[in-house]
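User: Could you take a close look at a single part of this model, and then set it beside a few other places where its elements pair and pack? I would prefer one connected account to a list.

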Amino acid sequence: MHTNISRYFLRLLIITVLVSVTLTGALWFWDTYTNYRREIKQMRAEYMQQQKRVLQQQVNYALQYISFMKNKIPPNACRKTEQQVKSEILDWLQQYRWGKEKKNYLFIGQWDGHILAGPHDAVGKNWLSVTDAHGLQIVREFIRLAQNNGGFLTYVMPKFKGIRPSQKLSYIAPVYPWHWFVGTGRYVDDIESTISVRKQQLQKDFGRHLLEIGLLLGILSLASMTLLFIFSKRLKNNLAPFVDFFHQAATRLVQIKAENLDFDEFRLLAQDANSMVRERDKIQGILRRREQLLNGLTKAGRRLLSGTDPDHAITEALAVVGETCKVDRTYLFEVADSNIKLCYEWTSGVRSRMKDHRFQHISGKLLKSSVAEQLSKGLAVQANPADFTGEAAELSREYGVQSVLMLPILYRGRFWGMLGLDSCTKPMHWNTNSIRSLQNFASTLCAAVMQRRSEQEATRIRDQWVTTFNSIRDSIFLLDTKNRVVNANAEALRIAGVETLAAVQGHNLPKILHGKGTRFKACLAELTLQQGIPLSGEVHSTTLNKYFFSSSFPVYHREGKLTGVIYIARDVTKEKNMERQLVQARKMEALGTLAGGIAHDFNNILAAIMGFCELALIKLQHNTDRQSLEDDLGQILRAGIRAKDLVAQLLTFSRSRESRKIFLKVTPIIEETIHMLKAFVPANIQVTTQLKPETRNLFADPTALHQVFMNLGSNAAQAMKNKGGLLVIKLEEIRLSREQRQRISNPADSYLHVSFSDQGGGIDPGIVDKIYDPFFTTKEVGEGTGMGLAAVHGIVEDHDGFMELENKPGTGAVFHIYLPQTSKTDTQQIPSAVNRQNTAARTFKKILIVDDEAMLLAMYKDMFSLLGCDTLTTAHPKDALRLLRDNPDIDLLCTDYDMPEMNGFELARQIRRIRPNLPILLNSGLTVNLDGDSIQKTHISKILTKPITLQDLQKALLQLAGTDTSR
């Protein structure tokens, strides 16, 4: 009998009532329990607030006590008094207890974790690492709260002796001047007893209501089970076919017999289930084929991306696609200039077309217009030989094509080519999903081909760049914004003395080169990072002992942000050494020019000396008055001093040495230069000066400045040698103009301006930019080296100055020199010559004199005697050693430098072994470098340059005696 299932649902209403009663009871239980939880939570919150107030009151009480005790410390009390007060505070707090049972205590600790007062087991220990049951580091949290002005902390107290493990609440407050934290705590489980009473009452209510609901549910359940048993028996009979159906339908095609079912709804459901199984079987077939295709395409993609040889990888990928799709030929065409070229192909049992020249240059006209239009739009085309005309149809039949699938490939918006699949055994039809999957693979294949080509091109460009970068013979460093090396070429690595880039990568550039520029006070790269402009200049690397002409260029991002610096350094050490040699040669050339004038002056000096000596002898024979004789001797002395100055000038000018700068005034050097210029300039050239007073000093090398002024003066005289003229030398103190200050780095407040102007023909404008180049000269062969102005320019830059040229073609030229001034002076000054014979005699009672010239030996003996000193003399250094051993009362050694047996340095070294503290006075006919190693090792006390006057000896003795009042 067929019955409608809706009738049975009416009977289930009874069951619904039972469920409703059950749910109502459950909701009542839940509401009661929720109210209970809310009540308990409120009780806990009120209890915690009460405990927090109590804890805060106790800690504030302790803080008041500490503040009271701190105020007892006098303002100027010693540390001991403060420690005593701290000890009293800790003793009181250690004994203090609070609460009803007086069991609660206060604790004090330092911010380093040491407990000062509290539980006896904790006092004196560091509790930084102590944690509670949940891993909370208790004391660290105390310190954090104290450093943040105090607060509350809840934790579970660990099981220490005498302390129960339970939840505890503590309040912490800071004592800032002493870096203390003060706190107290209290266990918060006292409220559990109150909660327990409330919980027991609730359990009684639950029990009573549960009994009532249980009885009601029992009655209703019995009735429901009776009805349910009847309904379920019939329902089971109708569900059994469905159970068997679903057990078997998972693995095979089965059908339910709908006519055997009792309910109409079940019969309709059986019909739908049968249709579903049939459709599912159909879809499974499609999915299996698609899964095979996707697995094949995935495998092809892996082959494509993992292969090292791009061509082989693409061919392998085409093979995987062909085998998966069960076609006979897969291939890849590329379109270029409206022509199609077969690039890659895979075949299985059919002929290949790769060697057929007709497929290397296929015209797009071979395809029907409709096919070509679809491909250009990115639409796949399924075709057979009938869809082609002419030569295309013949080629298809020749290679046995039954059906073809053409998949267009679009790359960056243009038609790049197509992926083709030919079936030669039987026609094939492709569904939309398969075409879509193959279309995606075709795009991936194209992207892989283009990526491989881009990688090959990038590799070629990179290799070309690296080769070019390392072929450059200048050192190139690529730096980041922190002046650290990012990259460097082979020459840079060679200069740095390393073999690999890793040895310098990340290192600071100044640490590698340690250079000091002649124009710049800091590293060029650092200045470029600061100013954002290109800079260049000569740099001396003290670490590498090399000279470089360096340039630094800022590197900007597209957005205008500075991202680094390119630092280029050219090794100019050889050129620098050659420049020094040529500068010295220039000096010698100038000396040759000066020879005539110097000889003239020296002959005049000799004439005066000989003449006045002859007059003095005659006057002695005729007993002429003393005053006339003293006048003649004075003239001889002045002539000798003039000869001494002349020789010193020549030695200073011709000496080759490193720059040694001192604080000086320039006016005396210019006056000395003018005197030397007047000795050799022609009579038709007049030298005039306009020298203003100097109020500040220069920190400069006097010899180098003398060379600069002599070069500029001789060049000016050379320019006027034919027609003559006026050579004007000006000196003044100025402040730079705004334009001048913008051209240099770190300008000084005041500059000394020196100018040399002539009335020659000026300088050809076409060569003005070359006049400072080394070896550039307009003079005839043999007249100049081309190093004069180059040396001048280098010396001026070495003094942090600069030059300007005021060129007047046809009229003359003016060279302007600007040198920075300073207010500093030398701390060591030359002592004034005062008459202190008695003081010198008291300090140096006996002096040993050594000189191989008998005439000078006698002169020194008389001079020291006039100064009140006893002397011992010898012409042989070996005798001097013997005299020194035999006469321990010798106070000073005065020795010549250039002697045949041994020089003055060697004698001083041997004397140091006998008398380490003996003062030594060295006399020399040449200018001796005071910074030389020999002088430093022998500890020579004083050096005098011949000829030596009595006044020179007097000054030297006073300096050595330490009685100079000018110090």
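Analyst: In strand 6, Trp180, Val182, Thr184 and Arg186 point one way while Phe181, Gly183, Gly185 and Tyr187 point the other way, and all of these residues are buried. The model is a predicted one, and what follows should be read in that light. In a regular strand the side chains alternate between the two faces of the sheet. Strand 6, which covers residues 180–187, is mostly covered, with eight of its eight residues buried.

The pairing of this strand can be followed through two partners. Strand 2 (residues 104–110) pairs with strand 6 in the antiparallel sense over five bridges, and within this pairing Val182 is the bridge partner of Ile108. Strand 5 (residues 167–175) also pairs with strand 6 in the antiparallel sense, here over eight bridges, and Val175 stands opposite Trp180 in strand 6. Strand 5 and strand 6 form a hairpin that has four residues between the two strands, and in its turn His179 has a positive phi of about 55°.

For a strand residue in another setting, one may turn to Thr347, which has its place in strand 8 (residues 339–347). Thr347 is partly exposed, because its relative accessible area is 25%, which falls between the limits of 20% for buried and 50% for exposed. Leaving aside residues up to four places away in sequence, Thr347 touches Asp328, Arg329 and Ser352, and its C-alpha atom is separated by 6.6 Å from that of Thr330, which lies 17 residues apart from Thr347 along the chain.

Helix packing offers another view. Helix 7 (residues 310–325) packs with helix 10 (residues 432–471) at an angle of about 170°, their axes being 11 Å apart; since angles over 145 degrees count as roughly antiparallel, helix 7 is therefore roughly antiparallel to helix 10. On the side of helix 7 the contact is made by Pro310, Ile314, Ala317, Leu318, Val321 and Cys325, and on the side of helix 10 by Leu438, Phe441, Leu445, Val449, Arg452 and Gln456. By class, the residues of this contact between helix 7 and helix 10 divide into 10 nonpolar, one polar and one charged.

Further along the chain, the pairing within an open sheet of five strands, ordered 27-26-28-29-30, is parallel. Its edge strands, strand 27 (870–874) and strand 30 (942–945), each pair on one side only, and neighbouring strands of this sheet are turned by 20° against each other on average, direction ignored. Within it, strand 26 (residues 846–850) and strand 28 (residues 892–896) pair in the parallel sense over four bridges, with Leu893 in strand 28 as the bridge partner of Leu848. Helix 23 (residues 904–914) packs on the sheet, where it touches strand 26, strand 28 and strand 29, and its direction makes about 155° with that of strand 28. Helix 21 (residues 854–866) lies across strand 26, strand 27, strand 28 and strand 29 (920–924), and runs at about 165° to strand 26.

Helix 21 also packs with helix 25 (residues 950–961), at an angle of about 60° and with their axes 10 Å apart, and this angle makes helix 21 oblique to helix 25. The crossing of the two helices is right-handed. Here Met863, Phe864 and Leu866 of helix 21 meet Leu950, Leu953 and Leu957 of helix 25, and the residues of this contact divide into six nonpolar, no polar and no charged.

Notes
Residues are numbered from 1 along each chain as its sequence is written. This is a predicted model: local features need pLDDT of at least 70, side-chain atom pairs count only at pLDDT 80 or more; totals for chains, interfaces and linings use all residues. Side-chain values use heavy atoms; hydrogens and water are left out. Two strands pair if DSSP finds at least two bridges between them. Axes are lines fitted to C-alpha atoms, for helices over the stretch in contact, and angles run from 0 to 180 degrees between N-to-C directions. Contact means heavy atoms within 4.5 Å. Angles under 35 degrees count as roughly parallel, over 145 as roughly antiparallel, 65 to 115 as roughly perpendicular and the rest as oblique. A crossing is left-handed if the near helix is turned anticlockwise from the far one by less than a right angle, and right-handed if clockwise. Ala, Val, Leu, Ile, Met, Phe, Trp, Tyr, Cys and Pro count as nonpolar, Asp, Glu, Lys and Arg as charged, and the others, Gly among them, as polar. Buried means under 20% relative accessible area, exposed over 50%, partly exposed in between (1.4 Å probe, protein chains only).
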